[in-house]
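Student: I would like to learn how to read burial, contacts and helix packing from a set of coordinates. Could we work through one case together?

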Amino acid sequence: MDFDLTDEQKLVRETARAFTDNEIVDRARDNARAERFDVDLVRKIADQGYLGAIVPREYGGAGLDHLTYGLIVEEIGRGDSAMRTVISVQTSLVCSAILRWGTEEQKAHYLPRLCSGEWLGCFGLTEPDTGSDAANQRTRARRTDSGWVINGAKMWISMGNHAQVALVFAQTDPELKHRGLACFLVDTDQPGYQPQEIHHKMGLHASDTASIGLDDVEVTDDQMLGEVGEGFKVAMSALDSGRFSVAAGCVGICQGCVEESVRYATERRQFDRPIASFQLVQAMLAEMKVKTDAARMLVWRAGFLKDAGRPNTLETSVAKLYATESAVECANTAIQVHGGAGYVDDHPVERWFRDVRVTTLYEGTSQIQKLIIGCALTGINALVPDLPEPVRA
Ligand SMILES: Cc1cc2nc3c(=O)[nH]c(=O)nc-3n(C[C@H](O)[C@H](O)[C@H](O)COP(=O)(O)OP(=O)(O)OC[C@H]3O[C@@H](n4cnc5c(N)ncnc54)[C@H](O)[C@@H]3O)c2cc1C
């Protein structure tokens with residue numbers, strides 16, 4: 001096994017690191033304080049080619065492999081989880097789904113606009129009454145002579161207020177359960193698409209989060225992504241990429257916690273010496289370092305498998321579970337190293353602590369990741385009993 005990055009991967013990582021330090025880090029605190037979704041910064045991220053990193057060049061993307069994509073996401077995740085969320089949603093949840101399931105016309109229409117940042121996309125799976133049980137969609141799509149009419153509601157949708165296109169999952173026939181689901185590409189200026197901002201989140205204050213009403217939204221057959229009955233597979237395949245991206249972003253938070261804590265511990269003096277000289281402080285640094293390295297290796301393994309075209313649902317869930325839980329622990333430990341100074345937003349650890357908490361919730365909670373892993377180990381699917389193993393879409 002070769003742990004060395006290629007020269008190109010090193011260059012991409014260094015570029016993403018410099019971009020993060022120069023463009024993102026300074027704005028992150030102000031945007032969080034102002035609860036501002038920084039459209040100008042999103043534009044700069046798009047100009048870097050980070051919104052379509054894994055999309056082939058023929059559709060306007062950067063044509064990079066997943067491992068390299070993970071390196072970019074790690075750096076942006078260190079700078080600001082709100083901006084990392086933009087990349088994860090746009091690239092992994094939206095672009096990867098269109099790339100995998102779209103017709104040639106859909107790919108040609110949507111991907112160049114999404115990769116360039118001209119359009120933003122959002123991923124509408126969660127509903128007020130449907131979270132972990134994603135197959136149990138209450139949103140309905142009813143057949144009409146000219147296409148479909150969608151009615152329902154979506155909840156917690158990242159970029160739902162700013163997106164030009166929304167992937168909307170809906171049930172076409174409740175009797176068919178997950179086999180009746182379909183995914184639609186809804187243009188958000190269509191009548192009946194009604195987003196509302198969600199305020200007062202614990203973290204991700206600079207991220208746009210929406211609840212969305214869907215009131216007689218009319219779509220044509222051309223706007224279906226995949227076939228009727230493939231909606232659940234579309235969602236699961238998108239989440240396979242999304243979870244990788246969240247995990248990579250969490251490695252960035254872990255890395256940031258190590259760097260900031262080492263810096264602070266060597267500067268801060270107590271008892272006439274740097275606090276870094278105390279063994280109990282070094283223990284905290286060491287614990288964070290071990291978690292960071294282990295999380296990164298798991299993310300790289302998942303990326304390697306994706307690039308090799310091999311099944312990776314299990315390995316992606318392992319990476320997501322471990323990296324997100326580790327990032328929560330590292331952010332907590334980093335505040336401990338900073339003492340009272342870590343309790344205000346003068347230091348990024350305060351924001352990391354609030355921003356990271358959602359990562360063990362969204363794109364499948366830690367409990368759901370454990371059930372995916374348990375299914376792979378036992379062959380028993382605790383989530384959708386009539387599926388023998390995780391959907392490998
Ligand atoms: C800031 C933010 C952004 C988000 N962005 C998006 C987005 O862009 N698109 C989107 O579709 N969704 C998004 N989500 C929604 C997110 O994916 C859901 O919150 C998540 O899937 C959990 O669903 P839930 O909140 O309904 O919790 P629930 O499913 O109600 O779970 C509550 C608790 O019960 C546990 N639980 C549930 N079922 C089981 C089970 N079978 N076994 C064991 N434990 C179980 C869960 O692990 C959790 O601890 C976002 C959420 C947030 C907070």
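Tutor: Let us begin with one residue: Ser207 is buried, because 25 other C-beta atoms lie within 10 Å, where buried means 20 or more such atoms within 10 Å of the residue's own, exposed 12 or fewer, and partly exposed in between, with C-beta atoms placed from the backbone. This is a predicted model, in which local features need pLDDT of at least 70 and side-chain atom pairs count only at pLDDT 80 or more, while totals for chains, interfaces and linings use all residues. Residues are numbered from 1 along each chain as its sequence is written.

Student: Where is Ser207 found, and which residues does Ser207 touch?

Tutor: Ser207 is found in the loop between strand 6 (193-197) and strand 7 (209-220), strands being DSSP runs of E with at least two residues and helices runs of H or I with at least four, numbered from the N terminus. Leaving aside residues up to four places away in sequence, Ser207 touches Phe37, Ala82, Thr85 and Ser158, contact meaning that C-beta atoms, placed from the backbone, lie within 7 Å.

Student: How should I read the packing of helix 6 and helix 8?

Tutor: Two packed helices are described by the angle between their axes and the distance between the axes. Here helix 6 (residues 231-267) and helix 8 (residues 313-338) pack at an angle of about 25°, with axes 8 Å apart, the axes being lines fitted to C-alpha atoms over the stretch in contact and angles running from 0 to 180 degrees between N-to-C directions. Helix 6 is therefore roughly parallel to helix 8, since angles under 35 degrees count as roughly parallel, over 145 as roughly antiparallel, 65 to 115 as roughly perpendicular and the rest as oblique.

Terms used: Two residues are in contact if their C-beta atoms, placed from the backbone, lie within 7 Å.
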